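Hi,

Here is the structure I wanted to pass on to you. Have a look, and my notes on it follow below.

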Amino acid sequence: MNDQNTPDPLSPLMHEIQNRRDDLIALTQDLIRIPTLNPPGDCYRDICEYLDQRLSKHGFTTQLIRAHGTPGDSEKYPRWNIIARREGKSAGDCVHFNSHIDVVEVGHGWTQDPFGGALIDGKIYGRGACDMKGGLAASIIAAEAFIDMHPEFHGAIEISGTGDEESGGYGGVAYLAEKGFFSPKRVQHVIIPEPLNKDRVCLGHRGGWWAEIETFGEIAHGSMPFLGDCAVRHMGAVIDKFETDLYPAMALRHTEMPVVPEGARQSTMNINSIHGGQPEQDDDFTGLPAHCVPDSCRVVIDRRFLVEENIDDVRGEVTGLLDSLKAERPKFSYELRELNRVLPSMTDKNAPVAASLAKQIAKVMGKEAEFVASPGTYDQKHINRIGKLENCVAYGPGILELAHKPDEYIGVEDMMVSVQVMARSLAELLLPTKE
Ligand SMILES: [Zn+2]
């Protein structure tokens with residue numbers, strides 16, 4: 001525990017970080033002012049060039065990598081990413097900070113310029129301030145200050161800025177992982193500065209399974225529905241099965257994962273959309289609908305599952321209910337199309353990078369760190385699954401609830417705390433005499 005009498009060997013580094021407060025603010029503002037909206041995936045090249053210039057000056061070797069042929073990649077909106085690496089004095093572990101450079105649409109309700117980066121009362125405003133340009137800026141300042149104060153470090157430090165996290169990460173981390181940039185040979189510790197709050201270490205996320213279910217019927221005149229077969233009524237039976245069987249079963253399945261918020265600490269499923277019968281007409285259409293029995297109805301489901309569950313069981317549970325309806329309802333037929341699947345990810349809280357961040361949070365903040373897991377997925381999935389790298393967590397200064405909201409901001413003090421925690425973890429993981 002904290003020993004008040006022992007001087008902190010990292011106090012010069014902590015002092016140096018205090019001197020870089022203005023640099024941190026200016027860097028965050030610069031990043032916010034590059035409008036990297038996704039979709040469509042704008043200005044990725046601009047922000048990569050900005051990061052290239054900044055990090056090259058600090059002795060990083062940089063690579064700009066375009067994720068050719070990934071979803072959304074085009075000459076107009078090329079999917080650019082940057083990886084920067086700084087070697088230490090001798091061989092050792094590599095600590096990698098991965099931040100996504102893209103931001104979601106602005107939306108309504110802003111009182112500040114979403115790309116202005118205004119600093120007001122210790123908060124910097126803008127789309128992406130919290131999710132996650134503030135986290136990116138914090139990791140850069142932490143790495144630069146650490147390198148300048150401890151040039152004798154072992155191993156290497158990497159900083160990446162990657163695209164498309166907000167749309168699945170296929171043109172960003174997934175692409176780089178496929179190219180071997182996250183192989184355990186090259187990288188040993190990954191910190192993703194997503195906005196999970198400065199005193200929490202996020203160990204992973206639940207899994208996701210997305211599917212479209214279509215029920216079929218037979219078209220007929222609406223005045224004689226008995227001559228056809230109503231696909232919407234079949235879908236009603238499907239949803240009724242969900243209500244009576246699936247939802248109660250899922251509610252009983254709790255997880256050991258420390259998911260926040262509490263309501264997500266179980267299996268969940270959202271019915272994302274439902275469409276049946278005639279397509280909707282334009283708003284200015286003034287006619288009446290034709291009298292038809294619908295022959296097709298579709299729903300999209302979004303099922304989130306736990307490390308304790310198996311993806312095949314998750315899928316099998318839904319197809320089992322659908323198959324049981326075949327026995328109960330004459331002429332019931334369906335198709336199920338899987339849209340996407342992401343396995344749950346959960347790093348051990350004793351893994352070196354998780355334990356180190358927790359220890360340094362306690363040092364800097366004087367309170368125990370909290371270990372959490374995220375209800376939704378983020379780029380950790382690609383680092384685990386494709387990169388096969390387990391020693392990966394999310395830790396960043398933004399406030400989770402501000403992500404994607406109007407008047408999104410990042411607190412300068414929160415960033416300063418995170419910079420100290422990140423720099424101290426670098427020292428613990430990369431310095432010969434451990435702190
Ligand atoms: Zn994010």
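To start with the helices, α6 and α7 cross in a right-handed way (right-handed if the near helix is turned clockwise from the far one by less than a right angle, left-handed if anticlockwise). Before I go on, this is a predicted model: local features need pLDDT of at least 70, side-chain atom pairs count only at pLDDT 80 or more, and totals for chains, interfaces and linings use all residues. Residues are numbered from 1 along each chain as its sequence is written.

The axes of α6 (residues 231-251) and α7 (residues 311-328) come within 10 Å and cross at roughly 125° (axes are lines fitted to C-alpha atoms, for helices over the stretch in contact, with angles from 0 to 180 degrees between N-to-C directions). That makes the pair oblique (under 35 degrees is roughly parallel, over 145 roughly antiparallel, 65 to 115 roughly perpendicular, the rest oblique). Helices and strands here are DSSP runs numbered from the N terminus (H or I, at least four residues; E, at least two).

On the α6 side, the residues that meet α7 include Ala-237, Val-238 and Leu-246; among their α7 counterparts are Glu-317 and Leu-325 (contact: C-beta atoms, placed from the backbone, within 7 Å).

There's also an open antiparallel sheet of three strands, ordered β4-β5-β16 (strands pair if DSSP finds at least two bridges between them). β4 (119-120) and β16 (409-411) are at the edges with a single partner strand each, so one side of each has no neighbour in the sheet. Leu-119 has Ile-124 of β5 as its bridge partner. Helix α4 (residues 129-149) lies across β5 and β16, at about 45° to β16.

Cheers

Definitions and conventions. Contact = placed C-beta atoms within 7 Å.
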